[in-house]
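Please examine the model displayed below. The paragraphs after it explain how its sheets and helices are arranged and what surrounds its ligand.

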Amino acid sequence: MRVVDLIHKKRDGGELNASELQYIMNGYSGGDIPDYQMSAFAMAVFFRGMSRVETANLTIAMAESGDTVDLSAIHGIKVDKHSTGGVGDKTTLIIGPLVAAAGVPVAKMSGRGLGHTGGTIDKLESIEGFQTELSRERFIAQVNDIGLAVIGQSGDLAPADKKMYALRDVTATVESIPLIASSVMSKKLAAGADAIVLDVKTGSGAFMKTLGDSEKLAAAMVEIGTEVGRNTAAVISDMDQPLGYGIGNALEVHEAIMTLQGQGPEDLTELCLTLGAHMVVLGGKVGSVDEARELLRGKLHNGEALGKFRAFIEAQGGDVAAVDDPSRLPQAPELIEVKSDGEGYVAAIQAEQLGLAAMLLGAGRATKEAIIDHAVGITLRKKVGEPVQAGETLAVLHVREQSEAIRAVAEQVREAYSISASKPAVRPLLLSVVTADGVKRY
Ligand code: URA
């Protein structure tokens with residue numbers, strides 16, 4: 001087999017088979033295929049697309065290019081959840097214990113934040129003592145014992161994807177549905193779950209800006225899951241503004257605890273109940289999503305989900321007292337209020353800009369090596385559709401110190417808000433559900 005012939009075949013619209021795709025992926029991750037040939041291959045896929053079977057085979061080849069996690073020692077159907085990334089997205093902190101409280105085991109590997117999006121591992125590390133590295137034996141034993149464990153990514157999962165993603169970033173080949181779908185799903189397959197629920201965001205703070213593109217991406221990922229025998233469902237939700245009110249690690253943990261107490265913001269609570277309900281259905285506990293939502297709503301209100309969160313924090317060595325007294329979480333010493341210049345209604349909030357602002361305060365990383373500050377971040381006081389007076393607070397920055405640079409960030413936060421004279425139409429949070437049966441809009 002010669003790579004140049006395979007690039008040629010793809011360039012001319014041909015379909016590559018499983019062994020050809022495996023040859024390309026293993027060759028690339030092993031260093032035998034150079035970047036220039038992989039770039040040409042990615043560009044050929046960008047223009048020619050891939051069939052459903054071909055995309056599934058590419059995903060399998062990427063998943064098998066490195067380590068795969070064996071979760072078979074965990075009892076029950078293991079359901080994973082994946083978010084395409086958003087601002088203020090603390091859903092894993094809530095859904096993990098919520099779904100575990102309903103009897104579905106959650107054995108999750110999560111990532112750290114980069115750029116304008118946060119990462120679950122960073123958020124959990126704002127709880128003093130919390131361990132995000134567990135041995136394989138302890139990870140499995142904890143899931144069998146309390147139904148939930150969350151660790152940082154270990155091992156070399158889907159190295160072909162890691163290398164290819166970096167290459168796509170600099171060769172204008174990121175925005176290809178088969179390449180994005182196979183990239184996301186290869187990591188999920190390698191992480192070993194039996195079923196997968198995808199939280200696909202759409203809007204200004206998301207990777208996919210339009211609902212149509214988000215639905216196409218979701219459908220491609222669900223098709224891959226179906227092809228490889230892992231039941232997959234996707235929920236598409238609005239990311240035209242941040243989720244909930246807190247952006248920043250400890251602030252998000254605090255909001256997650258409030259949500260687990262049944263006192264969370266409505267958008268965050270609804271999204272968690274919906275994603276969690278799909279997980280419970282795929283986990284085989286309940287037959288319908290509506291029934292599962294009611295089951296989970298009960299677990300939020302009777303304290304079982306919060307109890308599960310407490311058990312999870314304790315099992316991984318974290319300060320359990322912080323769950324009942326979130327003032328024990330890291331707190332920033334200074335607050336800066338960002339006030340509205342005009343009056344009217346909040347028409348839009350540029351979520352990505354707020355995510356970047358939180359990163360500049362120290363809550364996120366501009367580079368992989370950067371050290372983050374768990375205490376800092378932004379609390380929104382106003383969300384889209386709310387009335388606002390001139391001089392009223394739109395958001396509060398939680399900062400280490402006041403400085404010229406921090407005041408520039410405050411200005412950036414003010415500019416992320418658009419104020420209109422008339423009340424804007426607010427897009428609903430939940431937009432579509434994609435399953436093996438197709439796309440359904442709410
Ligand atoms: N996230 C991924 O993991 N891969 C992509 O290609 C895009 C977003």
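Helix 12 (residues 266–282) lies across strand 1, strand 4, strand 5 and strand 13, contact meaning heavy atoms within 4.5 Å. Its direction runs at about 155° to that of strand 4; axes are lines fitted to C-alpha atoms, for helices over the stretch in contact, and angles run from 0 to 180 degrees between N-to-C directions. Helices (H or I, at least four residues) and strands (E, at least two) are DSSP runs, numbered from the N terminus. This is a predicted model, in which local features need pLDDT of at least 70 and side-chain atom pairs count only at pLDDT 80 or more, while totals for chains, interfaces and linings use all residues. Residues are numbered from 1 along each chain as its sequence is written, and side-chain values use heavy atoms, with hydrogens and water left out.

The strands just named belong to an open, mixed sheet of five with the order 1-4-5-13-14, where two strands pair if DSSP finds at least two bridges between them. At its edges stand strand 1 (79–83) and strand 14 (438–441), each pairing on one side only. On average, neighbouring strands of this sheet are turned by 15° against each other, direction ignored. Strand 4 (residues 195–202) and strand 5 (residues 231–238) run parallel and are joined by eight bridges; Asp199, for instance, has Val235 in strand 5 as its bridge partner. Helix 10 (residues 211–227) also packs on this sheet, touching strand 4, strand 5, strand 13 (430–435) and strand 14, and its direction makes about 165° with that of strand 5.

A second open sheet has three strands in the order 10-8-12, with antiparallel pairing. Strand 10 (387–388) and strand 12 (417–420) each have a single partner strand, so one side of each is left without a neighbour in the sheet. Four bridges link strand 8 (residues 344–349) to strand 12, and Ala348 is partnered by Ser418 of strand 12. Helix 17 (residues 404–416) touches strand 8 and strand 12, its direction making about 45° with that of strand 12.

The ligand is surrounded by Tyr165, Arg168, Ile180, Ser183, Val184, Lys187 and Phe207, each with a heavy atom within 4 Å of it. Polar side-chain atoms lie 2.9 Å from a ligand oxygen atom in the case of Arg168 and 2.5 Å from a ligand oxygen atom in the case of Lys187. Helix 9 gives the largest share of this shell, four residues.

Definitions and conventions
Polar contact = N/O pair within 3.5 Å; in protein donor to acceptor, adjacent residues only side chain to side chain.
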